[in-house]
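Dear colleague,

Please find below the structure that I am handing over to you. I would be grateful if you could read the notes that follow with the structure open.

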Amino acid sequence: MLETTLVALQDITLEKVFDDQGRKNLCAELPGIMEQGFTCIPGGLCVSGLGRPVSYEKALAWKVLDDDCGAHCICFMFVNWSFV
């Protein structure tokens with residue numbers, strides 16, 4: 001869904017993926033991600049890596065740990081997504 005390359009993946013920011021409401025939803029859920037390690041984010045709209053609008057039913061977010069068990073990044077999985 002991201003429509004990107006492995007090299008360009010590191011340059012994708014939340015501002016490029018989530019719309020305003022999606023970022024607000026993520027910010028509200030961020031403490032849960034950091035404490036529990038994962039959360040479910042309500043559906044909404046986002047943008048693919050090539051700028052195409054996408055709707056999704058929900059998104060799952062989870063914390064990825066580094067070798068020292070510190071937070072490395074957050075991964076997302078979009079459920080029932082489609083281009084709009």
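The notes below go from the overall fold to the strands, the turns and a few individual residues.

This is a predicted model, in which local features need pLDDT of at least 70 and side-chain atom pairs count only at pLDDT 80 or more, while totals for chains, interfaces and linings use all residues. Residues are numbered from 1 along each chain as its sequence is written, and side-chain values use heavy atoms, with hydrogens and water left out.

Overall fold

The protein contains 3 helices and 4 strands; helices (H or I, at least four residues) and strands (E, at least two) are DSSP runs, numbered from the N terminus. Read from the N terminus, the order of the elements is α-α-α-β-β-β-β. The protein has a radius of gyration of 13 Å, close to the 12 Å that the globule rule gives for 84 residues, so it is as compact as a globular protein of that length. Here the radius is taken over C-alpha atoms, and the rule is 2.2 Å times the number of residues to the power 0.38. Along the principal axes, the C-alpha atoms fill a box of roughly 40 × 30 × 20 Å.

Of the 84 residues, 21% are buried, where buried means under 20% relative accessible area, exposed over 50%, and partly exposed in between (1.4 Å probe, protein chains only). The accessible surface comes to about 5,600 Å², and carbon and sulfur atoms account for 59% of this surface; the areas come from the Shrake-Rupley method with a 1.4 Å probe. Among contacts (heavy atoms within 4.5 Å) between residues at least 6 apart in sequence, 43% join residues at least 24 apart.

Strand pairing

Two strands are said to pair if DSSP finds at least two bridges between them. Strand E2 pairs in the antiparallel sense with E1 over 9 bridges, with E3 over 8 bridges and with E4 over 2 bridges. Individual partners can be located as follows:

- E1 with E2: Ile-41 has Ala-59 as its bridge partner.
- E2 with E3: Ala-61 is partnered by Phe-76, and Leu-65 stands opposite Ala-71.
- E2 with E4: Val-54 stands opposite Phe-83.

Turns and backbone angles

E1 and E2 form a hairpin with 5 residues between them, and Gly-51 in this turn has a positive phi of about 90 degrees. Gly-51 is partly exposed, at a relative accessible area of 48%. Its C-alpha atom lies 8.5 Å from that of Val-17, although Gly-51 and Val-17 are 34 residues apart in sequence.

The hairpin of E2 and E3 also has 5 residues between its strands. Its turn holds Cys-69, which has a positive phi of about 65 degrees although it is not a glycine. Most residues other than glycine have a negative phi. Cys-69 counts as exposed, at 61% relative accessibility.

Asn-80, in the loop between E3 and strand E4 (82-83), is not a glycine either and has a positive phi of about 50 degrees. Asn-80 counts as exposed, with a relative accessibility of 53%.

A position in the first helix

Leu-9 lies in helix H1, which covers residues 6-9. Leu-9 is partly exposed, with a relative accessible area of 41%. The C-alpha atoms of Leu-9 and Gly-49 are separated by 8.4 Å, while the two residues are 40 residues apart along the chain.

With kind regards
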